[in-house]
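Reader: I've just opened this one and I'm new to it. Could you walk me through it, one question at a time?

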Amino acid sequence: MKYAKSLAGVGLVQLALGLPAPQMTYEDNQGDVGGVNPPIPTYTGPPVGNLRGPTDLQGGIAPRPPVSGGASAVVPDPELVGGQEADGELGLYLDFNGASYPNGPQPIRGGKGGTDPGPRTYEYEKLNPDIYAPPETDKGTVPQAMWPLGLSHNLFGVGDESGWARQQNQDNLPVSTAMAGVDMRLAPNAYRELHWHTSDEWGLVLKGSVRVASMDPDGTTFVDDVTEGDVWFFPQGVPHSLQALHEGAEFLLVFNSGTFSETDTFLATEMLMRTPVSVWAKDLQTDVSAFDYIPDAEKYIFNGTPAPANISEQNITSSAGALWGPDGYTYHWSQQEWHNTTGGSVKILDPQTFPVAAGFSTALVVLEPGAMREVHWHTQSDEWSYFLQGSARITVYEAPGSSQTFDFTAGDVGYIRKSAGHYVENTGTEDVVFLEVLQAPKFSDVSAAQWLALTPRQVVKDTLNLTDAVLDTIPKDKTLIKPGNPNMTAIAGGGQKY
């Protein structure tokens with residue numbers, strides 16, 4: 001038995017053999033569905049019955065069901081949450097966590113939609129209320145703009161609990177043509193082995209600390225330690241290694257190719273194994289016996305020996321020297337002060353302050369409950385976003401007349417095409433933290449509110465029928481964040497949204 005040895009070690013063999021297969025429990029629909037009447041009686045014995053039915057069940061021959069009094073799709077006493085009965089064009093956020101099984105949640109908004117009696121998993125609906133009961137302003141077709149990394153296949157490292165990685169690319173989010181992402185975990189002292197890519201790599205430390213080491217084509221070396229909130233960047237083709245420090249690490253990687261795949265990385269172990277030993281002996285000017293114990297498989301992510309506390313011990317240089325300052329591959333973003341404004345905080349990192357990361361422009365945003373990243377769009381790049389904490393929603397507007405609203409929680413990736421209008425609204429009771437990544441030489445956007453404020457007033461009034469009273473209140477300077485009422489449905493009861 002494959003697992004007998006490990007189970008025996010903890011005395012669980014007989015227990016494991018005697019238990020039924022484990023089942024995940026979650027709220028879903030119960031009772032009759034699709035002509036099946038669960039629970040189905042258990043049967044043990046030789047197969048009985050036919051796989052196919054008789055021909056007298058064909059339409060026009062078989063008995064018909066009654067017009068009334070037969071199988072029912074009626075949902076008795078459907079439960080609606082606050083805001084569901086409000087005008088659908090208000091598009092209020094619906095907190096389906098307040099709905100109780102089995103009468104809610106229901107896909108109803110502003111009198112549109114209807115109850116849902118059929119196959120469903122309630123947890124999906126609670127996480128995605130704007131998909132399940134969309135605002136009436138949603139229209140047409142917009143490419144899927146959200147992917148939860150929790151649904152990405154995890155690739156484990158080698159050895160005992162060394163780490164893992166999961167990725168998002170065009171395979172699971174086809175709209176993401178220009179960027180892809182990887183979430184990677186390294187155990188204390190574990191490595192992401194020596195490697196390089198065909199794409200640029202931008203990394204943000206989420207948890208713990210990492211030692212990064214690299215060498216550029218001139219033989220100039222770089223080594224540094226980065227911690228939570230710090231960033232590294234390696235241009236395509238530049239070899240590097242990543243080692244978690246003594247407390248381990250988790251980090252986010254963003255690549256400037258939507259087709260990037262973590263499994264297509266160039267690895268030092270594979271290069272060693274796929275080149276004749278005699279060639280390596282000549283290249284390294286050593287005896288072939290030196291290669292008797294090289295790895296026989298890639299190491300990918302693996303456990304290592306602790307990095308020395310004195311980083312200078314690993315700062316090996318040639319006559320080309322070491323990289324530092326504007327040529328260095330790291331930026332200690334965690335030490336940058338926040339730009340604080342009513343409703344939240346923002347800090348930007350782009351080539352103006354991190355010049356080695358040419359083409360990567362990013363913003364880290366914190367929104368207080370009820371606040372939102374103002375309606376805007378980007379002129380030079382698609383936007384790749386990642387949610388670090390909290391919950392939010394985004395409506396994506398695509399020309400000429402389509403929009404769709406998506407919900408996000410921690411660990412979700414968003415992707416919005418260049419020039420598509422959008423906002424990010426905090427829908428939770430805690431701060432939401434998210435990252436915006438652009439492929440641009442400078443982080444920038446067009447603010448819809450600022451555009452209206454700076455356009456000749458006659459043009460705006462003739463086009464949008466907005467009054468002077470409204471236009472007088474719009475700031476002429478970009479605000480980035482708009483504060484809002486944490487009560488997301490207050491406007492339905494006569495309260496203020498802002």
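Author: Happy to. One term to start with: a residue counts as buried when its relative accessible area is under 20%, and as exposed when that area is over 50%. Also keep in mind that this is a predicted model.

Reader: Then let's use that right away: is Ser 176 buried or exposed?

Author: Ser 176 sits in the loop between strand 5 (163-168) and strand 6 (180-186). The cut-off for being buried is under 20%. Ser 176 has a relative accessible area of 0%, so the word for Ser 176 is buried.

Reader: Which side chain makes a polar contact with the side chain of Ser 176?

Author: Start from what Ser 176 touches, leaving out residues up to four places away in sequence: Gln 168, Asn 169, Gln 170, Gly 258 and Tyr 415. The polar contact is made at 2.9 Å, and the partner is the side chain of Gln 168.

Reader: Let's look at strand 5 itself. How far apart are the C-alpha atoms of Arg 166 and Phe 156?

Author: Arg 166 has its place in strand 5. Among the residues Arg 166 touches, not counting those up to four places away in sequence, are Leu 149, His 153 and Asp 183. Phe 156 is 10 residues from Arg 166 along the chain, and their C-alpha atoms are separated by 9.0 Å.

Reader: Zooming out, what share of the protein chain's residues count as buried?

Author: The protein chain has 9 helices and 26 strands, and its C-alpha trace spans about 90 × 85 × 40 Å along the principal axes. Of its 498 residues, the share that count as buried is 42%.

Reader: And what share of the contacts with a separation of 6 or more comes from residues 24 or more positions apart?

Author: A contact here means heavy atoms within 4.5 Å. Take the contacts in the protein chain with a separation of 6 or more: residues 24 or more positions apart account for 73%.

Reader: What about the largest nonpolar core: which element gives the largest share of it?

Author: In soluble globular proteins, nonpolar side chains tend to be buried together. In this model the largest nonpolar core has 53 residues, and Trp 202, Trp 232, Phe 251 and Trp 384 touch the most other members. The largest share of this core is 8 residues, and it comes from strand 11.

Reader: How many residues are in the other core that lies apart from it?

Author: Among the members of that other core are Phe 387, Ile 416, Val 432 and Phe 443. The core they belong to lies apart from the largest one, and its residue count is 24.

Reader: Now for the empty space. Which element gives the largest share of the lining of the second largest pocket?

Author: About 640 Å³ of space lies in the second largest pocket. Of the 24 residues that line it, the closest to its centre are Leu 194, Ala 213, Ser 214, His 240 and Ser 241. Elements giving two or more residues to the lining include strand 8 (201-215), strand 11 (240-255) and helix 5 (268-273). The largest share is 6 residues, from strand 7.

Reader: How many residues of that lining are charged?

Author: The lining of the second largest pocket divides into three groups. There are 11 nonpolar residues and 9 polar ones, and the number of charged residues is 4.

Reader: Some loops have odd backbone geometry, I hear. What is omega for the peptide bond from Pro 38 to Pro 39?

Author: Pro 39 is in the loop between helix 2 (13-18) and strand 1 (108-109). Pro 102 is also found in the loop between helix 2 and strand 1, and a cis peptide bond joins Tyr 101 and Pro 102. The bond from Pro 38 to Pro 39 is cis as well, with omega near -5 degrees.

Reader: Is Asp 77 buried or exposed?

Author: Asp 77 has its place in the loop between helix 2 and strand 1, and its phi is positive, near 50 degrees. The cut-off for exposed is over 50%. Asp 77 has a relative accessible area of 65%, so Asp 77 is exposed.

Reader: Last one: which residue's backbone oxygen lies 2.9 Å from a polar atom of the side chain of Tyr 397?

Author: Tyr 397 lies in strand 20 (residues 391-398) and, at 39% relative accessibility, counts as partly exposed. The backbone oxygen 2.9 Å from a polar atom of its side chain belongs to Pro 400.

Definitions and conventions
Residues numbered from 1 in each chain as written. Predicted model: local features only at pLDDT ≥ 70, side-chain atom pairs only at ≥ 80, totals over all residues. Heavy atoms only, no water. 1 Å grid on protein atoms, 1.4 Å probe; cavity = no way out; pocket = protein on both sides within 12 Å on 5 of 7 lines; lining within 4 Å. Points joined across faces, edges and corners; volume = space filled by probe spheres on them. Helix = DSSP H or I, 4+ residues; strand = E, 2+ residues; numbered from the N terminus. Nonpolar A, V, L, I, M, F, W, Y, C, P; charged D, E, K, R; others polar. Buried < 20%, exposed > 50% of the residue type's maximum accessible area, 1.4 Å probe, protein only. Polar contact = N/O pair within 3.5 Å; in protein donor to acceptor, adjacent residues only side chain to side chain. Core = buried A, V, L, I, M, F, W, Y, C linked by side-chain atoms within 4.5 Å.
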